[in-house]
Amino acid sequence: MNTLKTLADTLTMAKVKQRLSDAALAADAGVQRMTISRALSGTENFNVTTLLAVADRLGLEVMLVPKEAARALRGAPGSDSAPIATVAEHFRNL
């Protein structure tokens, strides 16, 4: 299961990559700037509609996958096995 911190880190990396300020992201996603600040802190809970709006603005898709599939995508913990490459990863690295 992802934590608030890993979720916030993913959103923050996408925001930085797109060179967006908290204020610009908030305006584009239709939420308050303070909501963005709290969501990206990784310590405060935020609602699903905020997550969906922010992810959409950042070009990200929120998905729920079975835990077994998620483990396969990440690779086995403590092993040298590489995670499964996905089509999304391929395009992300272009």
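At roughly what angle do the axes of α2 and α3 cross? In this predicted model, the two axes cross at roughly 110 degrees and come within 8 Å. Angles of 65 to 115 degrees count as roughly perpendicular, and α2 and α3 are therefore roughly perpendicular to each other. Their crossing is right-handed. The contacts at this crossing involve D22, A23, L25 and A26 from α2. From α3, the partners are R33, I36, S37 and L40.

The protein chain holds 94 residues, and 22% of them are buried. Its secondary structure consists of 6 helices and 0 strands. The order along the sequence is α-α-α-α-α-α. Contacts with a separation of 6 or more were also sorted by distance along the chain. Of these, 56% link residues 24 or more positions apart.

Two packed helices are described by the angle between their axes and the distance between the axes. For α2 and α4, the angle is about 110 degrees and the axes lie 9 Å apart. This pair is therefore also roughly perpendicular. On the α2 side, L25, D28 and A29 make the contacts. On the α4 side, A53, V54 and R57 meet them. L25 thus takes part in the contacts with α3 and in those with α4.

The largest nonpolar core contains 15 residues. Within this core, the residues with the most contacts are L11, L25, V31, I36, F46, V54 and L58. Four helices each supply at least two core residues: α1 (4-17), α2 (22-29), α3 (33-41) and α4 (48-57). I36 illustrates the packing. Beyond residues up to four places away in sequence, I36 touches D22, L25, A26, V31 and V54. Three of these partners, L25, V31 and V54, are themselves listed among the core residues with the most contacts. D22, L25 and A26 also belong to the α2 side of the α2 and α3 contacts.

T50 is another residue with contacts to V31. T50 sits in helix α4. Its relative accessible area is 8%, under the 20% cut-off, so T50 is buried. Neighbours within four places in sequence aside, T50 contacts V31 and T35.

K15 lies in helix α1. K15 has a relative accessibility of 12% and therefore counts as buried. Its contacts outside the four-place sequence window are L20, S21, D22, L25, L40 and L58. Among these partners, L25 and L58 are core residues with the most contacts. D22 and L25 also meet α3 from α2, and L40 is one of the α3 residues in that set of contacts.

The loop between α1 and α2 includes Q18 and R19. Q18 has 34% relative accessibility, so Q18 counts as partly exposed. R19 has a relative accessible area of 77%, over the 50% cut-off, and R19 is therefore exposed. The backbone of R19 also stands out. Most residues other than glycine have a negative phi. The phi of R19 is positive, near 55 degrees.

Q18 links this loop to residues far along the chain. Residues up to four places away in sequence aside, Q18 touches R57 and L58. The side chains of Q18 and R57 are joined by a polar contact of 3.1 Å. The C-alpha atoms of Q18 and L58 are 7.9 Å apart, with their positions 40 residues apart along the chain. Both partners recur in other contacts. R57 is one of the α4 residues that meet α2, and L58 is in contact with K15.

The loop between α3 and α4 includes E44. At 37% relative accessibility, E44 counts as partly exposed. E44 contacts L4 and R38, with neighbours within four places in sequence left aside. The C-alpha atoms of E44 and A8 are separated by 9.6 Å, although these residues are 36 apart along the chain.

Terms used: Residues numbered from 1 in each chain as written. Predicted model: local features only at pLDDT ≥ 70, side-chain atom pairs only at ≥ 80, totals over all residues. Heavy atoms only, no water. Core = buried A, V, L, I, M, F, W, Y, C linked by side-chain atoms within 4.5 Å. Buried < 20%, exposed > 50% of the residue type's maximum accessible area, 1.4 Å probe, protein only. Contact = heavy atoms within 4.5 Å. Polar contact = N/O pair within 3.5 Å; in protein donor to acceptor, adjacent residues only side chain to side chain. Axes fitted to C-alpha atoms, helices over the stretch in contact; angles between N-to-C directions. Parallel < 35°, antiparallel > 145°, perpendicular 65-115°, else oblique. Left-handed = near helix turned anticlockwise from the far one by under 90°.
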